[in-house]
Amino acid sequence: MERRYARGDRHREWILTEVVAVDIGGTHARFAIASVEAGRVRELGAVCTLKTADYPGLHDAWEAFSASLERPLPKAAAIAVAGPVQGMALKLTNSEWVIQPTSIRATLGAERHSLVNDFGAVAHAVAQLAPQHFRHLCGPDRPLPEDGVISIVGPGTGLGVAQLLCRDGRYHAIATEGGHLDFAPVDSLDDKILQHLRGKFKRVSVERIASGRGLMNIYEALASLERKEIRFQDEQSLWAAALAQEDDLAAASLDRFCLTLGSVAGDIALAQGAQAVVIAGGVGLRLIDHLPNSGFESRFTAKGRFGSTMTEMPVKIISHAQPGLYGAAAAFAQQFGE
């Protein structure tokens with residue numbers, strides 16, 4: 001649905017467009033109807049969350065979302081996927097789904113579509129969301145810069161990393177695969193955890209530790225090192241016990257998780273030449289009240305000769321419930337809104 005009308009300048013018409021926003025992660029695919037206008041998101045509707053494991057692919061999940069509504073779907077799609085957006089077939093990093101970009105129009109009936117990496121989408125959300133959607137974590141308590149680089153680090157099913165470059169009132173969202181950098185130990189316990197995980201994985205990336213699944217890896221490593229019984233067999237019960245501080249080993253695993261996330265976020269900021277950092281991702285939102293009281297800040301700023309630089313860098317946590325969906329719509333708006 002589109003509606004043309006003049007606003008301010010009578011010689012220019014804006015277009016209000018409805019689009020199906022889709023955020024496909026390793027565990028869930030989220031859908032919503034969004035309204036975009038003049039390069040920006042105006043409204044994000046009710047969210048429908050489906051488990052990717054319950055559907056063979058995007059088309060089947062799309063049909064399920066369509067069936068849940070009492071209206072036709074818009075003929076436009078704004079899609080964010082958890083994996084590199086390149087090539088003829090997109091294989092999601094932590095899911096069995098495969099998406100063929102050239103078939104999207106025919107498969108989904110979308111006359112226009114945008115396709116971005118899921119953390120590229122979060123970068124779009126960071127660029128367009130209002131200040132009230134960010135919670136201060138550490139560093140100077142000031143707004144995100146309007147000029148320069150903002151690093152975005154998000155633990156979820158995996159570890160997403162993106163870069164937001166702002167210049168002259170415009171922005172560029174740059175997706176990366178920074179979550180797959182090698183894990184760099186900082187202390188002797190990190191050394192032992194790395195040694196343990198090398199027996200499980202061929203290569204230990206930071207995603208193996210600083211992600212939703214990473215907490216279990218840390219927990220199992222600590223249990224082995226301390227010769228303690230593994231009480232929790234699934235991630236959900238482990239996270240619940242860790243956050244509630246109901247189990248000493250689970251709590252210790254969460255402490256180590258926060259330390260590692262601080263180290264990784266600081267490394268990414270240095271590598272990208274950032275002026276600020278935003279923590280995102282489903283796990284980031286889950287930790288919004290925990291991270292400020294953890295060892296995150298001490299590890300974030302522990303960068304040797306660049307320690308003073310890190311202490312002057314504002315770090316925020318995105319508090320919007322659906323930054324991936326919002327960002328997918330924002331990416332579509334930027335692509336088709338000028």
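User: Why are α5 and α7 called oblique to each other?

Analyst: In this predicted model, helix α5 (residues 214–226) and helix α7 (residues 248–272) pack at an angle of about 120 degrees, with their axes 9 Å apart. Angles of 65 to 115 degrees count as roughly perpendicular and those over 145 as roughly antiparallel; about 120 degrees falls in neither class, and α5 and α7 are therefore oblique. The crossing in which α5 passes α7 is right-handed. On the α5 side the contact is made by Leu215, Ile218, Tyr219, Leu222, Ala223 and Glu226, and on the α7 side by Leu249, Ala250, Ala252, Ser253, Leu254, Arg256 and Phe257. Sorted by class, the contact of α5 with α7 has 10 nonpolar, one polar and two charged residues.

User: What makes α6 and α7 roughly perpendicular to each other?

Analyst: The axes of helix α6 (residues 235–244) and α7 cross at roughly 85 degrees and come within 8 Å. Because angles from 65 to 115 degrees count as roughly perpendicular, that crossing puts α6 and α7 in this class. Their contact is made by Leu238, Trp239, Ala241, Ala242 and Leu243 of α6, together with Ala250, Ala251, Leu254 and Phe257 of α7. The residues of this contact divide into nine nonpolar, no polar and no charged.

User: What is notable about the phi of Gln245, and why is Gln245 described as partly exposed?

Analyst: Gln245 is found in the loop between α6 and α7, and its phi is near 55 degrees, a positive value in a residue other than glycine. As background, most residues other than glycine have a negative phi. The relative accessible area of Gln245 is 45%; since buried means under 20% and exposed means over 50%, Gln245 lies in between and is partly exposed.

User: Why does Asp168 count as exposed?

Analyst: The relative accessibility of Asp168 is 74%, and because the cut-off for exposed is over 50%, Asp168 counts as exposed. Asp168 lies in the loop between β12 and β13, and its phi is also positive, near 50 degrees, in a residue other than glycine.

User: How do you know that Pro74 is buried, and which residues is Pro74 in contact with?

Analyst: The relative accessible area of Pro74 is 6%, and because buried means under 20%, Pro74 is classed as buried. Pro74 has its place in the loop between α1 (58–68) and β6 (76–81). Leaving aside its neighbours within four places in sequence, Pro74 is in contact with Glu18, Val19, Val20 and Ile33. Pro74 and Lys316, by comparison, are 242 residues apart in sequence and 34 Å apart in space, C-alpha to C-alpha.

User: What makes strand β3 mostly covered, and how does β3 pair with β4 and β5?

Analyst: Of the 10 residues in strand β3 (residues 28–37), eight are buried, and the strand is accordingly described as mostly covered. Since two strands pair if at least two bridges are found between them, the four bridges that join β3 to strand β5 (residues 48–51) satisfy the criterion, and these two strands run antiparallel. Arg30 stands opposite Thr49 in β5. With strand β4 (residues 40–44), β3 pairs in the antiparallel sense, again over four bridges, and Glu37 stands opposite Arg40 in β4. The hairpin of β3 and β4 has two residues between the strands, and in this hairpin Ala38 takes a positive phi near 55 degrees.

User: What makes β10 and β13 the edge strands of their sheet?

Analyst: The sheet is open, has six strands in the order β10-β15-β14-β11-β12-β13, and shows mixed pairing. Each of β10 (134–138) and β13 (170–176) pairs on one side only, which is what marks them as edge strands. On average, neighbouring strands of this sheet are turned by 25 degrees against each other, direction ignored. Within the sheet, eight bridges join strand β11 (residues 148–155) to strand β12 (residues 159–167), which run antiparallel, and the bridge partner of Gly154 in β12 is Gly160.

User: Which strands do α3 and α7 lie across?

Analyst: Helix α3 (residues 118–128) lies across β10, β11, β12, β13, β14 (276–279) and β15 (315–318), running at about 40 degrees to β12. Helix α7 lies across β11, β12, β13 and β14, and runs at about 150 degrees to β11.

How values were computed
Residues are numbered from 1 along each chain as its sequence is written. This is a predicted model: local features need pLDDT of at least 70, side-chain atom pairs count only at pLDDT 80 or more; totals for chains, interfaces and linings use all residues. Side-chain values use heavy atoms; hydrogens and water are left out. Axes are lines fitted to C-alpha atoms, for helices over the stretch in contact, and angles run from 0 to 180 degrees between N-to-C directions. Angles under 35 degrees count as roughly parallel, over 145 as roughly antiparallel, 65 to 115 as roughly perpendicular and the rest as oblique. A crossing is left-handed if the near helix is turned anticlockwise from the far one by less than a right angle, and right-handed if clockwise. Contact means heavy atoms within 4.5 Å. Ala, Val, Leu, Ile, Met, Phe, Trp, Tyr, Cys and Pro count as nonpolar, Asp, Glu, Lys and Arg as charged, and the others, Gly among them, as polar. Buried means under 20% relative accessible area, exposed over 50%, partly exposed in between (1.4 Å probe, protein chains only).
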